[in-house]
There are 2 protein chains.
Amino acid sequence: MSEPEKQFADFLRSKGLKFTPERREILRKIFATHEHFDVETLFEKLKKGGERISLATIYRLVPLLIESGMIRQATRCEGHVTYEHVFGHKLHYHLVCVRCGKIIEFRDEGIERLLMQVCDKYDFTVIDHRLGVRGICSACREE
Amino acid sequence: MSEPEKQFADFLRSKGLKFTPERREILRKIFATHEHFDVETLFEKLKKGGERISLATIYRLVPLLIESGMIRQATRCEGHVTYEHVFGHKLHYHLVCVRCGKIIEFRDEGIERLLMQVCDKYDFTVIDHRLGVRGICSACREE
DNA sequence: ATTTACCTGAGAATGATATTCAATTACACC
DNA sequence: GGTGTAATTGAATATCATTCTCAGGTAAAT
C-alpha cells in the first residue's frame, strides 16, 4: 500500500470509517499524478479506466480527503473548484496564466516569514494560507 | 455624480452600453459602504430600500463591474462568491476567521516587493494577485 | 446468524448563476 | 421634440455543480 493510501486508511480507521475499494481507486487516481484536479475530470478518468464509481461517491470522498489533510482546495480559477495535493507536496504559491491556464508553482520563504509576522501582530492563529497571482506567462505574452 | 458612478458611466459609454437608473442604484448600494458583498444580500438590501430590481439585473451587472475594474472577487468564503471594491480601495490582503467570518485587511509592502521579484524571475506579467490567510482570530480563540 | 453502522449507485433535489423572451427604455440622429 | 435601433429590463425558465434521499449491499462486532 502506498504512502498516501496508508495515511488515508489510518485517518478513516481513526474515525470509524472504511477504506473501501471505491475509495482506494479514487485515491489512487488522485495521487497517480501531482496535478490539480476537479471532480468532473476525475470522474471521467475513472470511467475511462473502466471503473464504475458514481459521482456521488467522489463528492462524498472529497470532504474526507480535505479533513484528513491529503488535499485542499486550490486557487480557484474560472468557475469550477479544483483541488491539489497536500500530502507529499510542500507549501507553495501559484502564478496562474489567464490565457493558457498554466500554473507555475513557487516557494518564497521571505514571504512566509513576513506573513507570519503580520499574523503575530494581529494575534491571529493561522490554519492555512494561499497566495495566487493572475497574469500572463512569458509564452503567451510572446504571441 | 460620485466618483465611482462617473468612472463606471465612462466605462459603459466606452463600450456602447448604458448607465441606466437600475445600474446606478445597484452601484450606489455597492459603494455606499466599503464592505464586501454578495449578490444575494445586495438584492435583499435593494428590496428593503424599496427598489424593484431583479436578481438577474444584478447578476448581469457584476461581470461589467469586474471588467471595468470597479470590483473584484474577494477571497472566497464558504460556498458563495463575495466581491470587494477595487475603486477607492488600496491593494490589501486578508486574514479570514473561520469561526466568526470576520475579515481583517492588511497591507505589507515587503510581501509585495518579494512577490514582484518572483514574477520578474519567471517573466510573468501580473494582472492581479491575492493573499488570504484562514485561521482563528484572537476573539474566537479566547472562547 | 443477527445486529449495527457504514457504503454504494441512481436519481431526485437544491441552490447559485445564466439565459430566453417579450416588453420597455436610452441615446444618436433627424 | 419625434424616431429608429440596439441595449436593457423583469419574470420565468434553464443549467450546472453539488448535495441529498433512498433502497439495497457489506463488513465487522456481538
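In which helix of chain B does Glu25(B) lie? Glu25(B) belongs to helix H2 of chain B. The legends below come back to this residue after the views of chain A and the DNA.

This is a predicted model, in which local features need pLDDT of at least 70, side-chain atom pairs count only at pLDDT 80 or more, and totals for chains, interfaces and linings use all residues. Residues are numbered from 1 along each chain as its sequence is written, chains are lettered from A and ligands numbered from 1 in the order in which they are written, and side-chain values use heavy atoms, with hydrogens and water left out.

**View 1. The elements of chain A.** Chain A has six helices and five strands. Helices (H or I, at least four residues) and strands (E, at least two) are DSSP runs, numbered from the N terminus. Read from the N terminus, their order is α-α-α-α-β-β-β-β-α-β-α. Along the principal axes, the C-alpha atoms fill a box of roughly 45 × 45 × 25 Å. Of the 143 residues of chain A, 42% are buried. Buried means under 20% relative accessible area, exposed over 50%, and partly exposed in between (1.4 Å probe, protein chains only).

**View 2. The two domains of chain A.** Domain 1 covers 3-85 and domain 2 covers 93-142. These bounds come from an automatic or database domain assignment. The C-alpha centres of the two domains lie 24 Å apart. Seven residues from domain 1 and seven residues from domain 2 make the contact. Contact means heavy atoms within 4.5 Å.

**View 3. The protein around DNA strand D.** There are 16 residues around this strand, and Tyr59(A), Lys18(B), Thr20(B), Arg23(B) and Thr57(B) come nearest. A residue is near a strand if one of its heavy atoms lies within 4 Å of it. Of the strand D atoms within 4 Å of the protein, 71% belong to sugar or phosphate, and the rest to bases. By class, the nearby surface has six nonpolar, four polar and six charged residues. Ala, Val, Leu, Ile, Met, Phe, Trp, Tyr, Cys and Pro count as nonpolar, Asp, Glu, Lys and Arg as charged, and the others, Gly among them, as polar.

**View 4. Atom pairs at DNA strand D.** A backbone N or O atom of Lys18(B) lies 2.8 Å from a phosphate oxygen. A polar backbone atom of Arg52(B) is 3.0 Å from a phosphate oxygen. The side chain of Arg60(B) has an N or O atom 2.8 Å from a base nitrogen. Helix H4 (55-67) of chain A, with helix H2 (21-31) and helix H4 (55-67) of chain B, each give two or more residues to the surface near the strand.

**View 5. The protein around DNA strand C.** Of the 18 residues around this strand, Lys18(A), Thr20(A), Arg23(A), Thr57(A) and Tyr59(B) come nearest. Sugar and phosphate make up 70% of the strand C atoms within 4 Å of the protein. A polar side-chain atom of Glu22(A) lies 3.4 Å from a phosphate oxygen. A polar side-chain atom of Arg60(B) is 3.0 Å from a base oxygen of strand C.

**View 6. Glu25(B) and its contacts.** Is Glu25(B) buried or exposed? Glu25(B) is buried, because its relative accessible area is 18%. Leaving aside neighbours within four places in sequence, Glu25(B) is in contact with Leu46(B), Glu51(B) and Ile53(B).

Technical notes: A polar contact is a pair of N or O atoms within 3.5 Å; within protein, one must be able to donate a hydrogen and the other to accept it, and residues adjacent in sequence count only if both atoms are side-chain atoms.
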